[in-house]
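Ready to get to know a new structure by working through it? Grab a pencil and take the exercises in order.

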Amino acid sequence: MSEPMGPSGLDEFRREATEKLAGFAERRQKEATRWGIGDDRVSVVAERSEGEAEELSALRRYRSYLAEHGLGWVEGPRDFGGRELSPAHAAVLREVESEFDLPDDSYVRFSVSTLTPTLLAHGTEEQRRSWLPLLRSAELIACQLYSEPEAGSDLAGLTTRAVRDGEGWRVSGQKVWSSGAHYSDVGLCIARTSPDKPKHSGLTTFLLDLDSPGVEIRPIRQLTGGASFDEVFLDDVYVPDERRIGEIDQGWSVVVTSLLNERSAIGTEVGVDEALVERLLDLVRHVGTPIDAQTRDAAARIAVRAWAARLTTARFLEGGGTPGPELALSKLLATDLLRSMSDLAADVLGAAHVADSGDWGTYAWSELTLGLPGLRVGGGTDEILKNTVGERVLHLPKDAR
């Protein structure tokens, strides 16, 4: 028998979720977000830190707790550890989570928001039964092995090769900008299996163990000083055929599914956070000369656009299912909003944006500015996504290939 899904059912679920989360964590103290109090970092880019192992351990405990109490995958199929509730129930859980002091979930964002729906769409029954519960509970953490140094924005131009070897494959090549590869257990890797076919047709995807012989992971130092991205070198790495996702030479459809879900996650979780917008408004109120009309107008536009972006993405995701190409707009809205926020912060701060005066909440904005180019590239560059919107949403004539 299915659980109630109307307003009364959502209210009952909210009470249940609140009670369960209260058994794990303390409620957030709203006073901590006041100007001059608490951590003044404003970055939306995950950073490698000395406490990473402890953060991962805390997150795994939390995800295990959610699974134990029926909250690990509220909208997922029962056969794979879910509860088969509506997307509205999942949204309620996210709202309740925002009220509690919980571990950073960015470590499992790819596992939960991207790989999980991709496996639902393309994985075998055995793969889904084996991996989905582990991914949702963070017993298994995954990353993406897509981008390559020579391919740029043309992902289908990749050169990593997978050659058949008995009951498995030998994979060789180099991947780059792989977020979180250094702490992940597995990587969703795309490789060329038929070099003689058109570039979009000869690709296959695999879920590759990152502790396999022949895998080398090197961190990439970022402008911000962190190292949350990695280079991954694959030297004749053996992958059993049961780790292949989808049909041979049909990997491009797997990639498209994963990228649509990734852009959905970026648009939902990055760049339109209410707390970040409020921090910017606080900056305008507390720093620099009295607010002039131009600054007031820019701040108001950002607040309204952030609100509109959240509603737009929520509308795209109504009804659940695989997101469509319109989700590219959510990612574009997020990065454009962040650019506007960075510009306004720089205008308000002046020299304090690039020279640390020691004042709370000022120089910290430089980290957002330095991390912004990476966000404009991750999940598909802004330029490529504009082509996607033009061709697949607005149905405009395609660019010459």
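Below are four short exercises on this predicted model, each with a worked solution.

**Exercise 1. Strand partners**

Work out which strands pair with E3, and in which sense.

*Solution.* Start with strand E2 (residues 161-165): E2 and E3 pair in the antiparallel sense, over five bridges. To put a finger on one of them, find Arg164, whose bridge partner in E3 is Trp169. Next, look at the turn itself: the hairpin of E2 and E3 has two residues between the strands, and Gly166 takes a positive phi near 65° there. Now go to the other partner, strand E7 (residues 229-240), which runs antiparallel to E3 and is joined to it by nine bridges. Here you can check that Gly173 stands opposite Leu234 in E7.

**Exercise 2. A tyrosine in E7**

Find what Tyr238 touches, and decide whether it is buried, partly exposed or exposed.

*Solution.* First, place the residue: Tyr238 lies in strand E7. Then list its contacts, leaving out residues up to four places away in sequence: Asp165, Glu167, Gly168, Trp169, Arg170 and Ser212. Zoom in on Gly168, and you'll see the side chain of Tyr238 reach its backbone nitrogen at 3.3 Å. For exposure, the relative accessible area of Tyr238 is 33%, so it counts as partly exposed, a label for values between 20% and 50%. Finally, try a long jump: Tyr238 and Arg285 are 47 residues apart in sequence, and their C-alpha atoms are 58 Å apart in space.

**Exercise 3. Unusual phi angles**

Say where Trp177 and His395 sit, and what phi each one has.

*Solution.* Begin with the background: most residues other than glycine have a negative phi. Trp177, in strand E3 (residues 168-179), has a positive phi of about 60° although it is not a glycine. His395, which also isn't a glycine, has a positive phi of about 60°. Look for His395 in the segment after helix H11 (382-393). His395 is exposed, with a relative accessible area of 62%.

**Exercise 4. A pocket between helices' residues**

Describe the lining of the second largest pocket: which helix gives the most to it, and what classes of residue are there?

*Solution.* Start with volume, about 180 Å³ for the second largest pocket. Helix H8 (293-316) and helix H9 (327-349) each supply at least two lining residues, and H8 gives the most, with six. Among the lining residues are Gln294, Arg301, Asp343 and Val348. Sort the lining by class and you get four nonpolar, three polar and four charged residues.

Technical notes. Residues numbered from 1 in each chain as written. Predicted model: local features only at pLDDT ≥ 70, side-chain atom pairs only at ≥ 80, totals over all residues. Heavy atoms only, no water. 1 Å grid on protein atoms, 1.4 Å probe; cavity = no way out; pocket = protein on both sides within 12 Å on 5 of 7 lines; lining within 4 Å. Points joined across faces, edges and corners; volume = space filled by probe spheres on them. Helix = DSSP H or I, 4+ residues; strand = E, 2+ residues; numbered from the N terminus. Nonpolar A, V, L, I, M, F, W, Y, C, P; charged D, E, K, R; others polar. Buried < 20%, exposed > 50% of the residue type's maximum accessible area, 1.4 Å probe, protein only. Pairing = 2+ DSSP bridges. Contact = heavy atoms within 4.5 Å. Polar contact = N/O pair within 3.5 Å; in protein donor to acceptor, adjacent residues only side chain to side chain.
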